[in-house]
Each structure stands twice: as structure tokens, then as C-alpha cells.
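Dear colleague,

I am handing over the structure we spoke of, and it is placed just below. My notes on what was found in it follow, and I would be glad if you read them alongside the coordinates.

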Amino acid sequence: MALLSLVGCGGGGDGLDSQEPGLSGTITIESGTRVDSDTADDSRLNEAVPNDSPSTAQLIASTGILGGYLSATSGTYPDSGEFVFEYVTDEQDTFRADLAAGSTIAVQVFRDSVFETPAITLSVAQGGVLVDSALGTGITPLMVSAPDAGPSEISVSTSGGGPFRYVLSVSAAGVTNFQSSHYSQPEFVLDEAIVLMSPEEQGRMGPQGVAGALSASSAKPLGQGAWLVRRDPVGVVASQSPGSAGGLRGVTLRWIAELKAKPGVQIAEPNYIYRAQADRDLSSLQWNLPLISLPLAWQAAPSRGNAIGVAVMDTGLFTSTPQTYGDWHLDLDANAVPFNSGRILDYVSADLDIDPQFNDRLGYDNNPADPGDGKPQSSNFHGTHVAGIVAALANGEGVNGVAPGVTLWPVRVLGRDGAGTLDDLVAAMNWAATNPDINVINLSLGGVGPSTVLEAAINRADSNGKLVVAAAGNQGTDELTYPAAFGRVIGVGAVDAGKVRASYSNFGGSVDLVAPGGDATRDANLDGNADLVISTWGVDDGGDFIRSYAGLQGTSMAAPHVAGVYALMKGANPGAVTPGQFRAWLAGGVLTENVGNSTEYGAGLINALKSVDAALDGSVSTIVLSSPSAIAFDRARFNSELDFTVYPEGESVVVNGVAFDSDLISLDPVVLAGSPLPSSVAVSVVESNVVDGQSYATTIRIDYSAGGETGILEVPVSIDLRALADERDAGRHYVLLVSPDESRETIEQRVVTARDGSYSFSFDGIEPGEYFLVAGTDMDNNGFICESGEACAEYPVNGLPEKIVIGGERVTGVSLSTSFRRPTIASMGLPRIGFEGYRLKNDGNQTAQPVRTLETKR
């Protein structure tokens, strides 16, 4: 961890003697941030302002984020040490906001598992009439939408259960990510790392040389300069759940951070674990095929994907004789690629493999057979189910696959309990990327750990003409799931038989489109059966391997529908269909039907008939998309970068005309008719023409032409100056100086409230030494700040605290930023494991009042 020594500097702005020992500074607040007006912390101080009804509703910003507290009961927190911390009853919070049509409201809930699970309701009303609501326990986020523009009442309520924190996000239509309010806790293998050597070092050293250079016990090549590096002692995979082995996980991360600094290392990252994205149950109906117009698509593409190679990277394939290659499930046997002794199709390495009973050599081999596990309920035949959705034979028996004429490449990358590691997946992807017989790769697996090495392998496959399709994840959240969230992967969410997002299906940045994934809690088509996707399966719990069928739900089931449809398209017109052209059609709405907002459904529900028709036509209209798709300015943000993406990639685009309100905004560089479309422009508010307290709107319209065709790009721009900076409030903040050792003991503490949209803090007479400087809310009054769901600020950057050195002179002008959001793993570099917040300092008062010196030390 870096060590920053601060010396006295001018400009503190706190009116104190610059030579007086101590520390002072400012905490800024993220734009659009608000806090519940009756938290438990407010109630403790008798400062709570009720907001439990429409008549007392609290005004909040039209877009932004809010932290809140609710509890159906009152009592005392258990295990809070020698001091007593109490929670109070607060069953409903109601807010007022002037919403735009299509605005999305989402709530993420954070609670202590020792309390009974609450029943939570999120609702939005307009004109006193309820227009949308969602019910749940908070395990996954709740989400509602405002169908019309205008004044709205948003309510969050609870019945039963104990106290919890929540984060309420209000986003305009088209915004695909609300950003997570907690630190991701990805699974990874202890004492292992994925390392990419620099181009100068690639190929120069073998396994022993790499291991020696990195002081590791072993190194295994994964292709393209990537290595799996291991050190002693080897970690136990079974211990890698988010709530266990936190200390050992932290040791592994510190070791990986050290690897990053070694000469010749370009990338070092954890060996993340990816899991199958499905849940098990049984059904007997294939409602999923007509839902995407597949029977009609087969008439338009009678070859049904013949000669197209589909790699299903999963748990392998069911066979009645797992010791040998072949004898696959009867619905898949004729489509599986023939045996080749020199070809590796089982990439599950020893730690996650369960092949030893078949005398496997505990390494990569040529047999992707699923060895089963002897359990009556397992995820082991997950890959067989996924393969059946893509490639089951249309022979009048069993089930039908989406593309029953394809060549199936079963590639085993997931082993015991449907889990696999990053190193095995990278090795398999690097192999598939250069295989000319594979056209589409299905990844019904995922995790929240992003991998630069995996993304590079996927991009290589895409550049070589292979579409990569992945499951968007089953956590019911907008937290990014990888590989689905990578830019050149088609991420697929799940819908039920009524074309409604499945309750578990992720949304936001991991979802490019949706497909049938099922939902065991619904019977949307009223056929008397749960909406599950039926496909091939296997049974081995009696000791014998028996082919079977099962109904599952999950985004794992949705992804192979899209992979199969792509195979139909590619088979119908091989020359016209490429990954880039598929994305162009998808961006233009050519392949899907609109079933809801883009946040939940991406481009919509895949339609096989429309997709095959697009392929047979063979023409690709040039599409220009912008990022972001809409720009929102406020008092703290008058500038934004607007990036343009062209599909198909590399197509030349000429601007025919540009229109927007030039009194409100300007573009740099100036976009002129007849000139090429730039890759990006800076959009700025013309400050001299806007007035505080007012709101404005315009649209950037760009008419363009490419390849003899024309198109239009429209980017809505809003300027809302009604939410002034002094209205920002992230709640009462406790500013701490914390010891930098493992104890993280709070040494000094101050309490501040927001003024003019920020906080000012000051520490006087501080003992010289090294500290962490942190701040945050304690809305639930449990004695901790910076927990998930609380606002948090860490110096210098959230998620990456660094030591601050206080010497004999006063340190002034220190700046932090607080937010209810949490940084992503990508921005932090490595995951943050086992972080549970910072404990507030108490002053020997066992009646429950931590030292929260009310506003006296400003």
C-alpha cells in the first residue's frame, strides 16, 4: 500500500492557524445524493423528520441516489461489544420526485443475517394512483418504473423482520447501470494467479523460468503469453465462499499485488471461479421454442445450422460410459464432434476435477465426458442441458434444440459442483479462438471477477469470426457479471413464458438482449406448469448413468437460445453473418422484439424468424450508437464526453447534418455536414445562457450516411439546475482517523453535517503518526460506518485507502469524496475481500452513545 506523507499547505479554508498540529479538509458529495430524513441515527438524536406518508413525503432529485433505513421492529443489536446500540421502528419511507417517463427506481437492501428476513415493498404512484410495485425480501434488488412524466411518490416499506439499510436509485430511461452499493466478493482460488507476461518476455522462458522469475512453486502455460502461477501452500477451493477464509484470501490478494510489480509482468489477477448459471427442477413442455418464433425460422432456414460449429464450454456432456469418449445422450450423439486423440476438450484441471475414479491423469485430456457425482440433486449435467437447448436432434423423440443441424463441440471447463477456474477457461478460450471449425462459443457461466486476460482471449476469438455468447447472471442485480459484461460478448438475460424478466435475471450492463430462461415461480402461459426450460439431462445417483430430461431455470438456459439462433443465421447465409454484423443488426433492433425497457431487456427478446430473415437478406445497415445514450447535466457537471461506435466496425460514416440548441450546448470539435463522423465529441453547457433553479432540454440529432444508406442518431440532453449543490446531503458523517494495522482501531473521531453540498472537518492536537482517514454514515445506528448501504469516503480514493502521515505541522486542504456507491473491481484493480466497515469510537459510555460530538468540532 502506498504511503503518502502530507506536509503543511495553504488554502485549508477553515480559519485555523496553519502551524497548529492537526488535520483539516473537505468531503464532497456525489451529485444527486440524498439521505432518508428519519434514520435510526436521526432518531437517536431526536432529529428524525418523519416521511412515512404522502403528506410528509421527502423531496428528492429526479435522478440520483439515496441511502435509507427501515425496520419493522425495535431492539438492541446483538454482539455489539460492551456498548449498546439500538434500532428503532420505521416501517415506511415516502419520497416525492418529478420523474421523466420511463424512469427506473431500484432498491438494494443490506441487512444483518441474524435478523428475521423482512417483507419489502417498493412502489411508485402518480396522481395518487399506484402505477407499479414490486415485492421481495431484499435478497435481490426490487425495481419499478414510472410510465409517465410528472410528480410521483416513491415508497419503500417493510413488514416483519429487523433493521436494514437500503440504497434507492432513480435513473432516467435508457440508463443501463445504477452501479452497485456494495463491494463485489468474487470467488477465487487461494495461492494462484493468472499472469500475462509482457510482449518482450513472452516465449523467452518456459514453466521453470517463469516460476523462478516470479518466486512461484509452479507455472502452467495457458497460451498467448498467459500463465497460471501457483505458490505453496496450495489453497483449498472448497473454502472459497465469500464469507470464509477471508484472511487467507487477503493474503493471496496481497501476493498478487506484489506479482504486478515484478519486472516482465504485464497483468496479474486472481484465478477467479466461474459457476453455472442455473437452478434445477423438472418440467415437460418446450414453451420456449414458439416464444421466439423458432418453428417458422426452421422453415426459412431448413439447414437448421448444418456445418456450423458451436462450442459449449460447460460441465461436459452426458455419456453412459464416462471413461471413454462417445456414447453421448441420444438427443446429442449424432451432432457431437467425432473423437480425435490429439485434441484437448477437457480443460478442467486437478483441483476442480472429479475424474480420478475413471483413472484420469488429473489434467487436461481429450474426453469432455461429464463424470457425474452420484448425487440426486446436482449441477453436474448442466452442460448437457445447455447443449440440448442448442443442438438436440429434431427427430420426433425427446426434445428439440434451437439449431438441431449444428456440429456440437463439448468443451469441459466446469468441474465439481458446476464450478471452474479462470485458468482453465482462458486455456480453452485460447484454443477455441484459433479453431476454424468453431463459429459460436456459448458460456453459460459467470462471476463478478473481471479478467483482462480472459477478455483478451474472447476478443481474439471475436476477431477470428467467432461470436461469444454468455449468461448475464442470476443475482437479480445490475452488478456486472463476467464474461457477459465484456464489450465483445453478447450477454443474455432471461424471461419467462410471458416474455417478462425472470425474477432472478440480472439487468443493466451485462444484458444485451433476453431469451427464454424460465422462472419456477411463474406460470405465465397458464398451462398449469412452472415456466421451466426442458432439455437433455442425466442421472447417475444409482451408480448407473441414465439419460434423462429436466426443466431448469436460469440465464444459463437463455444464452444457448441466442447461440443457436446465430448458428441458424450463419448456416442460412455464411458469408453475410459475422459477429460484427450480428451486433449491427442487434443495435438496429433487427433481431429482436421490444418487450420492455432497455435496462431490463437490452435490445429485446431474440426472435429467430426476424434473425434468419436478416441473415438471408444479407444487407447490413450501418448503425451509429452513442455512449452515453443520453446526457444529464446538473449544477456540478457542465461537461461530458460523447463517444460514437459504428456497426459494422470500420465502416466510414459521413455527417449529413447536425441539429441541437446551440444556445444551451456546444460540441468540440464542431461537427460539420460533409465531414467524417469523429470518434468522440466534448459536449458542454453554455453557462451564460442557463439560470440556476431552471431545467432545460435539447436533443443532439446527427443525420449520417454510409455505404449508400442513411441513418439518424438522436442523443437527449437534459440540464437540471433545480438540484443545487447545497441540497446534496449524504447524511451525518463520522470522520475517523484509523490505525493502519490489522486492528483498524479508531483513534480520533469527529461528527459533521452537510453544508452547501459538502462537509468540513478538522482534527486538532493529533498525535504524530500514520493513519487511515475515512468517513461515513451510520444510518442504522449499529456502530459501524462504510458498511454496504452506508455512505463512505476513504482517503484518497474509495476502495483504495492509503496511509496519511501527520507530523508536527498542520495538514490542510485534504479532500475526500463520499458516496453510497462502491467502486468496481476494475477500478480498484483487485477485489476487496472481508471488508466490514469501520467501528465508531466510544468514550467509556456503556449506555450506548458512541462519541459523536455533535457538530462541535467543525
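Please keep in mind that this is a predicted model. I begin with Ile-441, which, once its neighbours within four places in sequence are left aside, is in contact with Ala-311, Met-313, Met-429, Ala-432, Ala-461, Lys-466, Leu-467, Val-468 and Val-469. Ile-441 also belongs to the largest nonpolar core, a set of 136 residues in which Ile-441, Met-313 and Leu-443 touch the most other members. The element that gives the most to this core is helix α9, spanning residues 555-572, which supplies ten residues. Separate from it there is a second core, made up of 34 residues, including Val-35, Ala-40, Phe-85 and Val-752.

Turning to the chain as a whole, 56% of its 858 residues are buried, and its accessible surface comes to about 31,600 Å², with 49% of that belonging to carbon and sulfur atoms. Among the contacts in the chain with a separation of 6 or more, 73% are accounted for by residues 24 or more positions apart. The secondary structure consists of 13 helices and 50 strands.

One sheet may be worth following strand by strand: it is open, has five strands in the order β4-β8-β13-β10-β11, and shows mixed pairing. Its edge strands, each pairing on one side only, are β4 (58-59) and β11 (129-136). Strand β10, residues 119-126, pairs with β11 in the antiparallel sense over seven bridges, and Val-124 has Asp-132 in β11 as its bridge partner.

With best regards

How values were computed
Residues are numbered from 1 along each chain as its sequence is written. This is a predicted model: local features need pLDDT of at least 70, side-chain atom pairs count only at pLDDT 80 or more; totals for chains, interfaces and linings use all residues. Side-chain values use heavy atoms; hydrogens and water are left out. A nonpolar core is a set of buried Ala, Val, Leu, Ile, Met, Phe, Trp, Tyr and Cys residues joined through side-chain atoms within 4.5 Å. Buried means under 20% relative accessible area, exposed over 50%, partly exposed in between (1.4 Å probe, protein chains only). Helices (H or I, at least four residues) and strands (E, at least two) are DSSP runs, numbered from the N terminus. Contact means heavy atoms within 4.5 Å. Accessible areas come from the Shrake-Rupley method with a 1.4 Å probe; for residues, only the protein chains shown count as cover. Two strands pair if DSSP finds at least two bridges between them.
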